[in-house]
Amino acid sequence: HRLGEMYSSGRGGRAKDSASSSELRSDEEYSWIPWFCSLKGNEFFCEVEDSYVQDSFNLTGLNSIISYYDNALDLILDIESRDDMLSDDQQEMLENDAETLFGLIHARFILTSRGLQRMLVKYREKHFGVCPNVLCRDQAVLPIGLSDHLNEESVKLYCPKCEDVYEPQKSRHEHIDGAFFGRTFPHLFFLTYPELKPKSLTEKYVPKVFGYKVHKSAFKKSLAAQEKAMKDKAKAKQLRR
């Protein structure tokens with residue numbers, strides 16, 4: 001899994017036969033959350049405050065979704081636990097659960113005033129990229145989930161100008177679950193910061209051939225002519241027999 005690989009390469013490696021994740025963290029300069037958010041491919045995430053994660057009210061219902069909930073929460077908060085007693089398979093599942101748990105917590109945090117402020121900084125710096133629509137003129141975009149449920153849709157990018165959604169432009173973002181951002185976030189963001197909402201796109205690309213605008217019915221007529229030509233050709237072939 002991606003998180004397990006990142007642990008090995010990003011934090012000096014994990015000796016499968018002895019070293020636990022808690023032992024590794026004790027040797028690191030910073031904690032799990034900033035480490036995770038600093039990894040290549042995790043640019044869309046903002047750092048969730050420890051105080052938010054520590055408030056059990058904010059995590060209501062998540063324990064029924066995550067198998068290794070307690071251990072995963074300890075991992076996120078850098079609390080030493082006996083995860084060295086886990087088998088390699090269990091350790092991998094724990095690391096997967098920590099990533100998923102953080103993502104679900106993140107989806108809730110970015111709907112708070114503090115979370116919105118942190119995403120505002122990333123939006124202004126265009127950490128999420130720009131709209132691929134040429135007519136939007138490099139309008140900054142925001143991450144969005146088409147579903148609030150896990151494993152249904154990967155994260156997409158919402159453009160506030162053309163008001164459409166797009167696939168992330170970089171492949172490293174394609175496997176991020178859309179539930180880690182949710183359907184509400186970008187719309188709440190612009191309700192909170194209405195001055196940042198650009199005017200809706202009114203300009204529209206106009207197809208032209210030799211400088212002349214292509215009429216809407218032209219493609220339909222062209223298709224009909226092509227089908228008629230094919231039928232006439234088949235009929236002529238039958239007559240020659």
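This report walks through a predicted model of one protein chain, from its overall layout down to a few single residues.

## The big picture

Let's start with the parts list. The chain contains nine helices and five strands. Following the sequence from start to end, you meet them in the pattern α-α-α-α-α-α-α-β-β-β-α-β-β-α. So much for the order of the pieces; here is how the chain packs.

Of the 241 residues in the chain, 42% are buried. Contacts also reach across the sequence: if you take those between residues at least 6 apart, 66% of them join residues at least 24 apart.

## The nonpolar core

The largest nonpolar core has 55 residues. Which of them touch the most other members? They are Trp32, Leu101, Phe102, Phe181 and Phe189. Quite a few elements chip in with at least two residues each: helix 3 (32-38), helix 4 (50-54), helix 5 (69-76), helix 6 (88-109), helix 7 (113-124), strand 1, strand 2 and helix 8. Helix 6 gives the most, with seven residues.

## A closer look at helix 6

Helix 6 is 22 residues in length, and its first and last C-alpha atoms are 31 Å apart. That is close to the 32 Å you'd expect at 1.5 Å a residue. Why is helix 6 described as largely enclosed by the rest of the structure? Because 16 of its 22 residues are buried.

## The three-stranded sheet

Now for the strands. Three of them form an open sheet in the order 1-2-3, and the pairing is antiparallel. Strand 1 (142-144) and strand 3 (164-166) sit at the edges, each pairing on one side only. From one strand to the next, the twist averages 40°.

Strand 2 (residues 156-159) pairs with strand 3 in the antiparallel sense over three bridges, and the pairing of strand 1 with strand 2 is also antiparallel over three bridges. If you want to find the partners in the model, look for Leu142 opposite Tyr158 in strand 2. Tyr158 in turn stands opposite Val165 in strand 3, while Leu157 faces Tyr166 in strand 3.

## Two faces and a helix

In a regular strand, side chains alternate between the two faces of the sheet. You can follow this along strand 2: Lys156 and Tyr158 point one way, and Leu157 and Cys159 point the other way. Are these four residues of strand 2 buried or exposed? All of them are buried.

Helix 8 (residues 185-192) lies across strand 1 and strand 2. The helix runs at about 140° to strand 1.

## Loops worth a visit

Ser154 is in the loop between strand 1 and strand 2. Its side chain makes a polar contact with the side chain of Lys156, at 3.2 Å. Leaving aside residues up to four places away in sequence, Ser154 touches Glu167, Glu174, Ile176, Asp177 and Gly178.

Glu49 is a loop residue too, placed between helix 3 and helix 4. Is Glu49 buried or exposed? Its relative accessibility is 17%, so Glu49 counts as buried. Not counting residues up to four places away in sequence, Glu49 touches Phe109, Arg114 and Arg118.

## Two positive phi angles

Arg137 has a positive phi of about 55°, although it is not a glycine. You'll find Arg137 in the loop between helix 7 and strand 1. With a relative accessibility of 51%, Arg137 counts as exposed.

Glu163 isn't a glycine either, and its phi is positive at about 55°. Where does Glu163 lie? It is in the loop between strand 2 and strand 3. The hairpin made by these two strands has four residues between them. Glu163 is partly exposed, with a relative accessible area of 45%.

Notes. Residues numbered from 1 in each chain as written. Predicted model: local features only at pLDDT ≥ 70, side-chain atom pairs only at ≥ 80, totals over all residues. Heavy atoms only, no water. Pairing = 2+ DSSP bridges. Axes fitted to C-alpha atoms, helices over the stretch in contact; angles between N-to-C directions. Contact = heavy atoms within 4.5 Å. Polar contact = N/O pair within 3.5 Å; in protein donor to acceptor, adjacent residues only side chain to side chain. Core = buried A, V, L, I, M, F, W, Y, C linked by side-chain atoms within 4.5 Å. Buried < 20%, exposed > 50% of the residue type's maximum accessible area, 1.4 Å probe, protein only. Expected span 1.5 Å × (residues − 1).
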